[in-house]
Amino acid sequence: DVLEHISNNIDVIQRTVTALRPGGYFYLAVPCESQEQYIFSKERFARFQEWEKDEHVGEQHTYGALSDILKRAGLEIVFSRYTFTFFGKLAWEMETLLHWGNPTMQRLRVVLMPVFKALGLLDILFPIGTGNNLFIAKKRAI
């Protein structure tokens, strides 16, 4: 979750792969598209969107494009999938909305943490739709 904060992140990927030994593993977990779909009203996330605009300066790639980028960089994809799909987004949005609320809402956020964790587990077991990209790849032998 760092590459979305670095412009020209394809170059960073290629340089990292160059530094890997043949057979070395490359783990990548990144958002896939800058235009996120929100479950709750988008207006509720105005504060986050301001931060995101300043912080997310790096290119965000679709799952297919990132797969191609990794293969061209000399990696063999061992495992890949979407993460942070519907249930993960739901947990994040609920937690984020409560985080920016009044003190009572922030306390409720702490009480609901087990619910957020359970939603995270559901996201792993039952991914629904698209989300962030997760890739585990291995550098091909020369």
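Tyr63, Tyr82 and Phe135 form one aromatic cluster, so named because ring centres within 6.5 Å count as a pair. Keep that trio in mind while you work through the exercises below. One thing to know before you start: this is a predicted model.

**Exercise 1: Get your bearings**

Work out how many helices and strands the chain has, and in what order the elements run.

*Solution.* Start with the tally: there are six helices and three strands. Now walk along from the N terminus, and you'll read α-β-α-α-β-α-α-α-β. To round off the overview, look at burial: the chain has 142 residues, and 35% of them count as buried.

**Exercise 2: Classify the ring pairs**

Find out how many aromatic pairs the whole structure holds, then decide how the rings of Tyr63 and Phe135 are arranged.

*Solution.* Step one is the search, which turns up three aromatic pairs. Step two is geometry: the ring centres of Tyr63 and Phe135 are 5.2 Å apart and the planes meet at 25°, so this pair is stacked. The cut-off used here is that planes under 30 degrees apart count as stacked.

Step three is to place the two residues. Tyr63 belongs to helix α3 (residues 63-72) and Phe135 to strand β3 (residues 132-139), so the pair ties together parts 72 residues apart in sequence. Step four is burial: Tyr63 has a relative accessible area of 24% and is partly exposed, whereas Phe135, at 1%, counts as buried.

Now try the rings of Phe86 and Phe87. Their centres are 5.3 Å apart and their planes are at 70°, so this pair is edge-to-face. Phe86 is partly exposed, with a relative accessible area of 35%; Phe87, at 18%, counts as buried.

**Exercise 3: Check a helix**

Test whether the span of helix α4 agrees with its number of residues, and see how much of α4 is covered.

*Solution.* Helix α4 covers residues 86-99, which makes 14 residues. At 1.5 Å a residue, the expected span is 20 Å, and the end C-alpha atoms of α4 are 20 Å apart, so the two values agree. (If you're redoing the sum, multiply 1.5 Å by one less than the number of residues.)

Next, burial. Ten of the 14 residues of α4 are buried, so call it mostly covered, with under 20% relative accessible area as the test for each residue. Among the buried ones are Phe87, Leu90, Ala91, Leu97 and Leu98, but also Lys89, Glu93 and Glu95.

**Exercise 4: Two faces of a strand**

Sort the residues of strand β1 into a covered and an uncovered face, and find the strand that β1 pairs with.

*Solution.* Strand β1 takes in residues 25-30. Phe26, Leu28 and Val30 make up its covered face, while Tyr25, Tyr27 and Ala29 make up the uncovered one. Take Tyr25 as a check: at 52% relative accessibility, Tyr25 counts as exposed. Its C-alpha is 9.2 Å from that of Val78, although Tyr25 and Val78 are 53 residues apart in sequence.

As for the partner, β1 pairs with β3 in the antiparallel sense, over six bridges. One example to look up: Tyr27 has Ile136 of β3 as its bridge partner.

**Exercise 5: Look for empty space**

Count the cavities of 30 Å³ or more and describe what lines the largest cavity.

*Solution.* The count comes to one. The largest cavity holds about 60 Å³ of space. Its lining includes Leu3, Ile13, Val30, Pro31, Glu59 and His61. Divide the whole lining by type and you get five nonpolar, three polar and two charged residues.

Note on methods:
Residues are numbered from 1 along each chain as its sequence is written. This is a predicted model: local features need pLDDT of at least 70, side-chain atom pairs count only at pLDDT 80 or more; totals for chains, interfaces and linings use all residues. Side-chain values use heavy atoms; hydrogens and water are left out. On a 1 Å grid over the protein atoms alone, a cavity is a set of points where a 1.4 Å probe fits but cannot get out, and a pocket is an open set with protein on both sides within 12 Å along at least five of seven lines; lining residues have an atom within 4 Å of a point. Grid points are joined across faces, edges and corners, and a volume is the space filled by probe spheres set on the points. Ala, Val, Leu, Ile, Met, Phe, Trp, Tyr, Cys and Pro count as nonpolar, Asp, Glu, Lys and Arg as charged, and the others, Gly among them, as polar. Rings of Phe, Tyr and Trp (its six-membered ring) pair if their centres lie within 6.5 Å; planes under 30 degrees apart count as stacked, over 60 as edge-to-face and the rest as tilted. Helices (H or I, at least four residues) and strands (E, at least two) are DSSP runs, numbered from the N terminus. Buried means under 20% relative accessible area, exposed over 50%, partly exposed in between (1.4 Å probe, protein chains only). Two strands pair if DSSP finds at least two bridges between them.
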